[in-house]
Amino acid sequence: MHETLDGYRKYFNQIVGFFVVEDHILHTTQGLVNRAYIDELWEMALSKTIAALRTHSSYCSDPNLVLDLKNLIVLFADTLQVYGFPVNQLFDMLLEIRDQYSETLLKKWAGIFRNILDSDNYSPIPVTSEEMYKKVVGKFPFQDIELEKQPFPKKFPFSEFVPKVYNQIKEFIYACLKFSEDLHLSSTEVDDMIRKSTNLLLTRTLSNSLQNVIKRKNIGLTELVQIIINTTHLEKSCKYLEEFITNITNVLPETVHTTKLYGTTTFKDARHAAEEEIYTNLNQKIDQFLQLADYDWMTGDLGNKASDYLVDLIAFLRSTFAVFTHLPTTYSKTLKQDLRC
């Protein structure tokens, strides 16, 4: 039954058909059945139905199927409620299925984030026209007066994964909202559900995806620097995600007990991990540089001529520091100071 919606639909149709017939007999005949008998049957059927749904729905790994099942259960419950059967337990069970739905969404978005990060070129987005520029800022909340003044072609500081990740977070929020429809929940309950699920997406799913990229063996300095830039801009966008949720739930973030988004923590942690990886990477490169170079360390006084070692080392460090050109000034200074140590 858990593999297709048709299995659930057939199951519900049989139950509804049985009790609709029993209700018709109750109201059109004398003495064949009574209300107590039907209520007892419904209580027994309801407990078995809920047990069956808990068992079979737990095997659903497709969030679309879980969402369709939820809609089917709501239709099933609303139909039987019209005939006077109590259905509160079904709606209570839907809150349990909601948690499962959230988990299936998280697994789906783990794959989405992985694909986005794997396919990114970790280079600033180039734009050659006003139309291309507006297309990017239409996907991601970014404003830079100095960049706007520059002539085309020009580049955004972040790579493609920034607007893609941002928009996928919004898509996840929409997916969470879909499940809350028709569950007779208050705006505050819906808002709380969406924020808690989004926090799991940010602190667990997206965080793990970013950490996996940062810890790759073959990742280079350029990619790590771009990750620092990207996460800086994603961190700034968290306030817009807060506004996005507020706009669709109509619950102000200042409301008592409103859950805050933890996106800033996720992006700060990723940035710190990238910085640590840069330190490790640079130290390894310097060690390799010294090991591979064949210098005569016993050379005497060279007069006013610099040693080959110093010339090569300066050239190496100059080319290395060039990678940090696009970093925010604070991070660039910190990295260079740590290297001097």
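1. A charge sits over a ring if NZ of Lys or CZ of Arg is within 6 Å of the ring centre and within 35 degrees of the ring normal. K154 meets this test at Y133: its charged end sits over the ring, 4.8 Å from the centre. K170 lies over the face of F244, with 5.0 Å to the ring centre.

2. Basis of the note. This is a predicted model, in which local features need pLDDT of at least 70, side-chain atom pairs count only at pLDDT 80 or more, and totals for chains, interfaces and linings use all residues. Residues are numbered from 1 along each chain as its sequence is written, and side-chain values use heavy atoms, with hydrogens and water left out.

3. Overall make-up. The protein has 13 helices and two strands. Helices (H or I, at least four residues) and strands (E, at least two) are DSSP runs, numbered from the N terminus. Of the 341 residues, 42% are buried. Buried means under 20% relative accessible area, exposed over 50%, and partly exposed in between (1.4 Å probe, protein chains only). Contact means heavy atoms within 4.5 Å. Among contacts with a separation of 6 or more, 76% join residues 24 or more positions apart.

4. Aromatic pairs. The whole structure yields 18 of them. Rings of Phe, Tyr and Trp (its six-membered ring) pair if their centres lie within 6.5 Å; planes under 30 degrees apart count as stacked, over 60 as edge-to-face and the rest as tilted. One aromatic pair is Y101 with F179, stacked at 4.9 Å centre to centre and 25° between the planes. This pair links distant parts of the chain, 78 residues apart: Y101 belongs to helix 4 (residues 88–119) and F179 to helix 7 (residues 161–180). Y101 counts as buried because its relative accessibility is 4%. F179 is at 0%, so F179 is buried too.

5. A second pair, Y133 with F152. The ring centres are 6.4 Å apart and the planes stand at 80°, so this pair is edge-to-face. Here too distant parts of the chain are linked, 19 residues apart: Y133 is in helix 5 (residues 130–139), while F152 is in the loop between helix 6 (145–149) and strand 2 (154–155). Y133 is buried, at 6% relative accessible area. F152 is partly exposed, at 29%. The ring of Y133 is also the one under the charged end of K154.

6. Aromatic cluster. Y11, F12, F18, F19, W42, F76 and F85 form one cluster.

7. Cavity. There is one cavity of 30 Å³ or more. On a 1 Å grid over the protein atoms alone, a cavity is a set of points where a 1.4 Å probe fits but cannot get out; lining residues have an atom within 4 Å of a point. Grid points are joined across faces, edges and corners, and a volume is the space filled by probe spheres set on the points. The largest cavity has about 40 Å³. Its lining consists of R98, Y101, S102, C176, F179, M193 and S197. Helix 4, helix 7 and helix 8 (187–214) each give two or more residues to this lining. Helix 4 has the largest share, three residues. Both rings of the stacked pair, Y101 and F179, are in the lining.

8. E277. This residue lies in helix 11 (residues 263–292). E277 counts as buried because its relative accessibility is 17%. Outside its neighbours within four places in sequence, E277 is in contact with I214, K215 and L224.

Notes. On a 1 Å grid over the protein atoms alone, a cavity is a set of points where a 1.4 Å probe fits but cannot get out, and a pocket is an open set with protein on both sides within 12 Å along at least five of seven lines; lining residues have an atom within 4 Å of a point.
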